[in-house]
Number of protein chains: 2
Amino acid sequence: MSLTNASPLDAAQSAKSASHILATLSEADRNDALTAIHAGLTAARDEILAANAKDLDLARQAAADGKLSQSLVSRLDLGKPGKWEDMLKGILDVRDLEDPVGRVTLRTRLDEGLDLERVTCPIGVLLIIFEARPEVIANIAALAIKSGNAAILKGGKESTESFVAISRVISSALEKTAVPNGAIQLVTTRDVIPQLLALDKYIDLVIPRGSNELVRYIKDNTKIPVLGHADGLCSIYLDASADQSLAVDVIVDSKTNYPAACNSLETLLVQESALPTLLPPVATALATKGVELRCDPASKEALAGTPNLKIVDATEEDFNTEFLTLTLAVKTVSGPGEAIAHINSHGSHHTDVILTSNQQDAEKFMNAIDSAGVYHNASTRFADGTRYGFGTEVGISTNKIHSRGPVGLEGLMIYKYKIRGRGQVSATYGEGEGKKRYLHERLPL
Amino acid sequence: MSLTNASPLDAAQSAKSASHILATLSEADRNDALTAIHAGLTAARDEILAANAKDLDLARQAAADGKLSQSLVSRLDLGKPGKWEDMLKGILDVRDLEDPVGRVTLRTRLDEGLDLERVTCPIGVLLIIFEARPEVIANIAALAIKSGNAAILKGGKESTESFVAISRVISSALEKTAVPNGAIQLVTTRDVIPQLLALDKYIDLVIPRGSNELVRYIKDNTKIPVLGHADGLCSIYLDASADQSLAVDVIVDSKTNYPAACNSLETLLVQESALPTLLPPVATALATKGVELRCDPASKEALAGTPNLKIVDATEEDFNTEFLTLTLAVKTVSGPGEAIAHINSHGSHHTDVILTSNQQDAEKFMNAIDSAGVYHNASTRFADGTRYGFGTEVGISTNKIHSRGPVGLEGLMIYKYKIRGRGQVSATYGEGEGKKRYLHERLPL
């Protein structure tokens with residue numbers, strides 16, 4: 001790992017060169033590097049926490065001056081119970097994942113002695129732009145090395161001391177391994193993000209880890225593919241046939257389990273015929289958790305007799321809003337068809353749910369909704385790499401190509417085609433007289 | 001199919017709506033539409049060829065005035081022997097491919113009665129921008145419908161009459177099928193490409209089919225992902241251990257089989273120790289086919305005694321040039337390591353080859369070269385979807401995400417995650433006391 005005062009261009013070029021070496025390393029070489037990083041960080045605990053304390057002092061001062069939020073200060077703190085241990089365990093967890101490099105996903109005999117193979121390989125150079133969490137650097141370094149990708153890391157200025165301390169340790173740990181210097185580059189100079197985002201010749205994928213604003217800024221300012229999502233406007237459609245207690249449980253969990261998360265519920269679509277039956281108990285349960293409802297006229301009227309609710313008249317804008325707080329927009333629809341149309345045009349294609357006891361409607365909904373996650377009778381909050389069993393999560397993508405939904409190590413891979421021949425030439429093959437035909441025989445993987 | 005005088009925005013919005021319906025159609029519905037298109041075009045042969053004749057008349061006139069190339073006129077001609085029949089056969093070939101929609105690629109039991117499934121689905125809306133070949137419209141309409149994607153087609157103005165005639169027929173054929181109007185939109189108004197390229201809210205993927213200039217223009221002017229390649233600078237590294245006649249065959253085929261193709265050879269890297277042995281017979285064979293060599297000093301000197309060659313001193317620029325003609329840049333390298341470094345920094349990551357009898361060097365080369373195709377002892381010209389056995393080819397991609405190399409129907413697909421539950425909520429699960437653990441049990445596909 002280099003601590004670059006180098007220019008973004010130098011950092012990107014040297015990351016690219018390193019990526020070409022990384023791509024050829026064995027699984028053992030890459031795993032050994034993660035073991036070395038783990039050992040190095042373990043030994044340097046005190047030194048890193050001391051650096052982190054400096055960041056924290058500055059941040060607390062800034063928070064006291066009203067220049068920084070208290071939640072950001074909290075995210076900075078590597079000394080919080082369990083955080084350091086989780087960071088270290090994460091490195092070994094990544095190391096112990098199945099090797100994503102070199103998996104053969106297609107094998108075709110084109111002709112005798114002319115075999116085609118599709119093999120997974122690293123994408124190349126990742127640019128990771130993240131905000132305050134200093135533990136991300138260890139997590140991302142582990143993911144990058146495991147997947148054979150080089151990474152350029154640009155962190156928020158609030159955690160500079162922590163980043164530099166962690167990366168010094170990673171750097172000297174890597175020196176004794178086969179992973180080349182330059183494979184993990186930490187850029188600490190300020191205001192280089194626009195320059196980095198212009199380096200599409202060297203950087204193959206940008207992964208922003210931070211606020212919606214950060215992601216949106218990056219998506220709007222680069223030609224490099226961006227893996228992530230700016231918005232998480234998740235909806236639930238509540239059908240009149242749904243089981244009442246099931247509906248209450250799923251809606252309450254989706255909305256209140258962690259309202260600031262991208263996989264939290266923002267819009268509830270209620271079938272008209274469910275207004276008198278299912279909506280009141282759902283609304284009561286939500287109110288108990290402190291949820292304010294932004295209701296359309298029909299749903300408001302249906303709740304007129306229910307006590308202790310916080311109800312506000314919904315505006316059109318509420319149905320396009322990711323509240324990220326204990327606020328829920330409620331709209332009445334005639335049935336699944338109208339719900340599908342609403343979600344496809346107002347949602348953010350993240351995760352959407354149908355609550356129904358009608359199996360056929362559920363399958364239709366899941367096929368018709370154009371989102372990364374489509375669930376029947378389950379909480380939106382399951383949209384998460386760890387919950388999906390991916391072992392680790394690079395991010396959640398609402399892109400329509402490459403990776404969609406929670407992205408694990410697989411999202412950092414692409415493939416190449418290898419052909420092993422004996423001097424065959426294309427002119428030999430074809431449809432004409434005297435030409436050979438291709439065999440195109442599928443071989444076992 | 002709509003023949004839109006509609007605005008690009010209207011076309012894109014209606015394509016998006018249609019894509020949501022298309023995504024829910026059964027395989028039979030989509031295949032029936034292709035059968036109907038085939039029947040419609042078969043019946044309308046004379047009418048379409050008459051329209052094509054009008055395009056041809058104008059084009060021949062323009063060619064006579066020096067405003068259009070003769071090769072473009074030739075590409076326009078649907079009446080050329082076999083072209084019409086190939087176009088029609090292509091539709092049925094696509095219809096008979098395995099259904100790419102709804103393939104389950106991952107199945108995990110998160111808990112009893114809570115199953116996660118990853119299922120292939122269409123990307124959404126494709127924008128296809130192509131130049132003169134009128135048959136592309138039928139080909140692309142077939143690929144789009146088969147894969148459940150909507151498509152907006154923008155063709156070159158030289159073939160407007162042909163496009164309109166073909167799309168009228170497709171349009172009325174589709175009317176009797178389940179494929180919605182708006183699924184295939186032909187935009188015939190001029191100068192709308194910049195407007196279309198700005199509609200990233202509705203269009204999910206751009207596929208340019210045409211010149212390098214067209215592809216480069218599109219890549220430089222949109223935030224929508226582009227599937228394609230602007231350059232095809234393919235290289236061969238000739239190791240001293242290579243078999244002589246094998247080397248001659250592969251290099252001659254790679255360079256001369258179809259010099260204008262993106263998978264043709266542009267740079268030959270020769271191991272220094274092979275200069276006196278292998279280069280002269282290779283150069284002689286190339287000269288017989290009319291190839292001019294742009295040689296570095298060492299390779300030029302090695303060929304000093306070989307008669308009948310066309311040799312020019314190479315400039316640095318020659319090693320960054322896709323000639324697309326019978327010109328080949330020749331450079332001397334010390335061995336595979338230097339060849340790998342040269343190709344990774346000068347190539348276009350399309351297809352590169354090592355000719356060697358050393359198996360270990362070959363494997364190292366194929367792992368280290370950062371290209372879509374990496375071959376051992378085979379011609380660069382095999383880089384082609386048909387030759388790979390993909391049945392049809394959407395294009396060749398040098399992207400580092402989603403699809404790489406020749407792209408078949410798979411490249412038009414993404415996936416979504418479905419969860420089928422019984423009302424489970426996320427708060428139930430976790431590491432703490434009283435919490436359930438996820439099962440994360442892999443289920444058979």
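**Exercise 1.** Find which residue of chain A forms a salt bridge with Asp204(B), and place both partners.

*Solution.*
Step 1. The partner is Lys400(A), with the closest N and O atoms 3.6 Å apart. A salt bridge here is a side-chain nitrogen of Lys or Arg within 4 Å of a carboxyl oxygen of Asp or Glu.
Step 2. The pair crosses between chains: Asp204(B) sits in the loop between helix H8 (193-197) and strand S7 (205-209) of chain B, Lys400(A) in the loop between strand S15 (395-397) and strand S16 (405-407) of chain A. Helices (H or I, at least four residues) and strands (E, at least two) are DSSP runs, numbered from the N terminus.
Step 3. Both Asp204(B) and Lys400(A) are buried. Buried means under 20% relative accessible area, exposed over 50%, partly exposed in between (1.4 Å probe, protein chains only).

The model is predicted; local features need pLDDT of at least 70, side-chain atom pairs 80 or more, while totals for chains, interfaces and linings use all residues. Side-chain values use heavy atoms, without hydrogens or water, residues are numbered from 1 along each chain as written, and chains are lettered from A and ligands numbered from 1 in written order.

**Exercise 2.** Determine how far apart in sequence Lys83(B) and Glu135(B) lie.

*Solution.*
Step 1. Their side chains meet in a salt bridge (3.9 Å, N to O).
Step 2. Lys83(B) is in helix H5 (residues 83-95) of chain B, and Glu135(B) is in the loop between strand S4 (125-130) and helix H6 (136-147), 52 residues apart.
Step 3. Both residues are buried.

**Exercise 3.** Name the residues networked with Lys16(A) by salt bridges.

*Solution.* Asp204(A), Asp370(B), Lys400(B) and Arg404(B) are linked with Lys16(A) in the network.
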